[in-house]
Amino acid sequence: MRKQIVAANWKMNGSSELVHQLVPAVKESVASLDNAVEVVIMPPSLFVSGVKAELAGSPVAFGVQNVGRWKSGAYTGELSAGMAADVGCHYALVGHSERRQLFGETDEIVAEKVARVLESGLTVMLCVGEALEEREAGNAEAVVCRQVESALVGLDAAKAQYVVVAYEPVWAIGTGKTATADDAQTMHKALRARLSDMGLPANEMSLLYGGSVKPDNAGALFAQPDIDGGLIGGASLKADDFIEICRAAVA
Ligand SMILES: O=C[C@H](O)COP(=O)(O)O
């Protein structure tokens with residue numbers, strides 16, 4: 001049985017104050033969910049230690065939003081997957097469309113980062129998703145399948161348990177335009193089929209949806225058979241909204 005996961009990506013938002021207000025509220029609410037859903041918080045890296053301290057004794061996991069493509073060395077400003085593991089992270093996000101678009105991350109770089117994360121013993125949350133023009137040209141599925149294949153090519157099936165894929169159509173991120181539950185399900189089903197064609201245990205892998213997930217649409221999205229939870233941006237910065245979305249994943 002694959003895991004239901006709801007992950008918070010704070011992006012470049014937040015403060016020590018938010019850590020001390022929001023994280024204890026999430027911790028308390030998640031305690032009542034009876035471990036039916038894995039909740040993950042990925043703050044900016046500077047706040048990881050604060051989040052970890054607030055989560056002590058809780059099953060809520062935490063992680064980083066990005067890692068460098070190298071193991072260590074003279075790469076000023078970069079953080080490695082090994083460092084994230086060293087401070088206790090469970091997850092590392094890789095290949096978010098903001099990294100691909102704003103920081104020039106190619107499929108090749110994303111694949112290198114996936115390898116670094118898996119070597120470090122963390123679980124990688126791999127983001128894939130098509131741009132609006134790619135969808136309008138009828139290429140959405142081809143783009144998303146290419147991204148997932150290039151990132152996971154050669155992956156040992158035994159390592160698949162450390163891989164979560166998040167489908168995030170670029171046009172739905174931060175725009176308030178969510179994919180319909182049917183469209184999201186269609187893509188998730190295609191992704192799962194492609195993972196299976198790659199020789200991976202696709203039915204055991206969690207596939208998340210991301211892109212303007214809010215308390216009022218989370219239930220319909222998470223009810224789809226191939227959607228195993230969500231990757232939440234804006235709504236993860238408000239404790240009440242995020243907690244409601246976590247509850248929708250249990251229902
Ligand atoms: O990583 C999260 C996604 O980019 C979704 O962001 P959003 O919920 O603000 O649309």
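This is a dialogue on how to read several features of a predicted model.

Reader: Before turning to single residues, what radius of gyration would a compact globule with 251 residues have, and what does the chain have?

Author: The general idea is to set the radius of gyration beside the value expected from chain length. A compact globule with 251 residues would come near 18 Å, and the chain has 17 Å, so the two agree. The C-alpha atoms fill a box of roughly 45 × 45 × 35 Å along the principal axes, and the chain holds 10 helices and 8 strands.

Reader: What share of the contacts with a separation of 6 or more comes from residues 24 or more positions apart?

Author: Such residues account for 71% of those contacts in the chain. As for burial, 45% of the 251 residues count as buried.

Reader: Which members of the largest nonpolar core touch the most other members?

Author: One reads a core by asking how its members touch one another. Here the largest nonpolar core has 78 residues, and Ala92, Leu126 and Val165 touch the most other members. Helix 10, residues 239-250, supplies the largest share of this core, with 6 residues. Leaving aside residues up to four places away in sequence, Leu126 touches Val94, Gly95, Val114, Ala151, Val163, Val165 and Ala166.

Reader: Which residues come nearest to the ligand, and how many surround it?

Author: There are 14 residues around the ligand, of which Asn9, Ile173, Gly210, Gly233 and Gly234 come nearest. By character, this shell divides into 5 nonpolar, 8 polar and 1 charged.

Reader: Which residues does the UniProt annotation "binding site" cover?

Author: An annotation is best read together with its origin, and this one comes from an unreviewed UniProt entry, where "binding site" covers Asn9, Trp10, Lys11, Gly174, Ser212, Gly233 and Gly234. These residues span 226 residues in sequence, yet no two of their C-alpha atoms are more than 13.8 Å apart, so they gather at one spot.

Reader: Where does Lys11 lie, and is Gly174 buried or exposed?

Author: Lys11 lies in the loop between strand 1 (5-9) and helix 1 (16-31). Lys11 counts as partly exposed because it has 18 C-beta neighbours inside 10 Å, whereas a buried residue would need 20 or more. Gly174 has its place in the loop between strand 6 (163-167) and helix 8 (181-197), and it is exposed because 12 other C-beta atoms lie within 10 Å. Not counting residues up to four places away in sequence, Gly174 touches Gly233 and Gly234, both of which are covered by the "binding site" annotation from UniProt.

Technical notes
Residues are numbered from 1 along each chain as its sequence is written. This is a predicted model: local features need pLDDT of at least 70, side-chain atom pairs count only at pLDDT 80 or more; totals for chains, interfaces and linings use all residues. A nonpolar core is a set of buried Ala, Val, Leu, Ile, Met, Phe, Trp, Tyr and Cys residues joined through C-beta atoms within 7 Å. Helices (H or I, at least four residues) and strands (E, at least two) are DSSP runs, numbered from the N terminus. Two residues are in contact if their C-beta atoms, placed from the backbone, lie within 7 Å. A residue is near a molecule or strand if its C-beta atom, placed from the backbone, lies within 6 Å of it. Ala, Val, Leu, Ile, Met, Phe, Trp, Tyr, Cys and Pro count as nonpolar, Asp, Glu, Lys and Arg as charged, and the others, Gly among them, as polar. UniProt positions are given in the numbering used here, feature names are shortened, and annotations may be inferred rather than shown by experiment. The radius of gyration is taken over C-alpha atoms; the globule rule is 2.2 Å times the number of residues to the power 0.38.
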